[in-house]
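Trainee: Please take one part of this model and look at it closely, setting out how it is paired, what surrounds it and which polar contacts it takes part in.

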Amino acid sequence: MPSSRRWGPLLQGAPKSSVSRETAVPALNAPSADLIHRFIAIVGEAHAVTAGVDQEPYLKEWRDKYTGRTPVVLRPGTTEEVSSILKLANAHRIGIVPQSGNTGLVGGQIPSMCGTEILLSLTRL
C-alpha cells in the first residue's frame, strides 16, 4: 500500500509549515582550529582522538560499506560533557554525528567525507 494512502487520512488537517524547505535550516559550518580546541577542552586531551590512524575504527562501518572523515572524535564520559559539546556545536552550527556501537546498517553513525562533522563517540558512557 502506498504510504500516501496509509498516512494521508492521519495527516489531513495537520498544520502546514510556513517556512519553505529551502530556507528552513541554515548550512552547517566547518569547525575552526580554535573551536576544535574548545571541544577537546570539554572532554580532555586523553579523550579526544585527532590522529588519522587512531580515528580509523570510528570512521569505518563494520561491513566496510561506509567511510567518513572528521577533524576530531570526542569521547565524553558524562552527560554533562555531552550537553556542553552539543551546546557549543549548536552555537556555532557545527555538525555532530553520534556513534554508539558502530553497528548500524545504514551508515548513519559515520560522518560524511566532507570532514567537517565532529564524531561524538558514546563508548565511555
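Mentor: Let us take strand β4 (residues 118-121), which runs parallel to β3 and is joined to it by 4 bridges; here strands (E, at least two residues) and helices (H or I, at least four) are DSSP runs, numbered from the N terminus, and two strands pair if DSSP finds at least two bridges between them. The model is predicted, so that local features are described only where pLDDT is at least 70 and side-chain atom pairs only at pLDDT 80 or more, whereas totals for chains, interfaces and linings use all residues. Residues are numbered from 1 along each chain as its sequence is written, and side-chain values use heavy atoms, with hydrogens and water left out.

On the β3 side, I118 of β4 stands opposite I96, L120 stands opposite P98, and S121 stands opposite Q99. β4 is also joined to strand β2 (residues 73-74), by 2 bridges and again in parallel, with L119 as the bridge partner of V73. These pairings belong to an open sheet of 4 strands in the order β1-β2-β4-β3, whose pairing is mixed. At its edges are β1 (48-49) and β3 (96-99), each of which pairs on one side only. As a general point, strands of a sheet pair through backbone hydrogen bonds, either parallel or antiparallel.

The side chains of β4 are next. I118 and L120 point one way while L119 and S121 point the other, yet all of them are buried, a term that stands for under 20% relative accessible area, with exposed meaning over 50% and partly exposed the range in between (1.4 Å probe, protein chains only). In β3 the side chains alternate as well, but there V97 and Q99 point to one face and are buried, while I96 and P98 point to the other face and are not. Such alternation between the two faces of the sheet is what a regular strand shows in general.

The loop between β3 and β4 contains E117, which has a relative accessible area of 19% and is therefore buried. Leaving out neighbours within four places in sequence, E117 is in contact (heavy atoms within 4.5 Å) with R69, T70, P71, G95, V97, P111 and S112. A polar atom of its side chain lies 2.6 Å from the backbone nitrogen of S112, which falls under polar contacts (a pair of N or O atoms within 3.5 Å; within protein, one able to donate a hydrogen and the other to accept it, and residues adjacent in sequence counting only if both atoms are side-chain atoms). E117 and I94 are 23 residues apart along the chain, but their C-alpha atoms are separated by 6.6 Å.

One of those contacts of E117, T70, deserves a closer look. T70 is found in the loop between α3 (52-59) and β2, and it counts as buried because its relative accessibility is 9%. The side chain of T70 reaches the backbone oxygen of E117 at 2.7 Å, and a polar atom of that side chain lies 3.4 Å from the backbone nitrogen of L119, so the side chain of T70 has polar contacts with both residues under the 3.5 Å limit. Residues up to four places away in sequence aside, T70 touches Q55, L59, P111, G115, E117, I118 and L119.

At S121 of β4 we meet R75, which touches S121 along with V43, A46, H47, V49, Y58, T123 and R124, not counting residues up to four places away in sequence. R75 has its place in the loop between β2 and α4 (79-92). R75 is buried yet has no salt bridge, the nearest side chain of opposite charge being that of E81, 9.6 Å away; Lys and Arg count as positive and Asp and Glu as negative, while His and the chain ends are not counted. The structure does hold 1 salt bridge, a side-chain nitrogen of Lys or Arg within 4 Å of a carboxyl oxygen of Asp or Glu, and it joins R63 to E61, with the closest N and O atoms 2.4 Å apart.

For the wider setting, the protein chain has 4 helices and 4 strands, which run α-α-β-α-β-α-β-β from the N terminus on. Of its 125 residues, 31% count as buried, and residues 24 or more positions apart account for 69% of the contacts with a separation of 6 or more.
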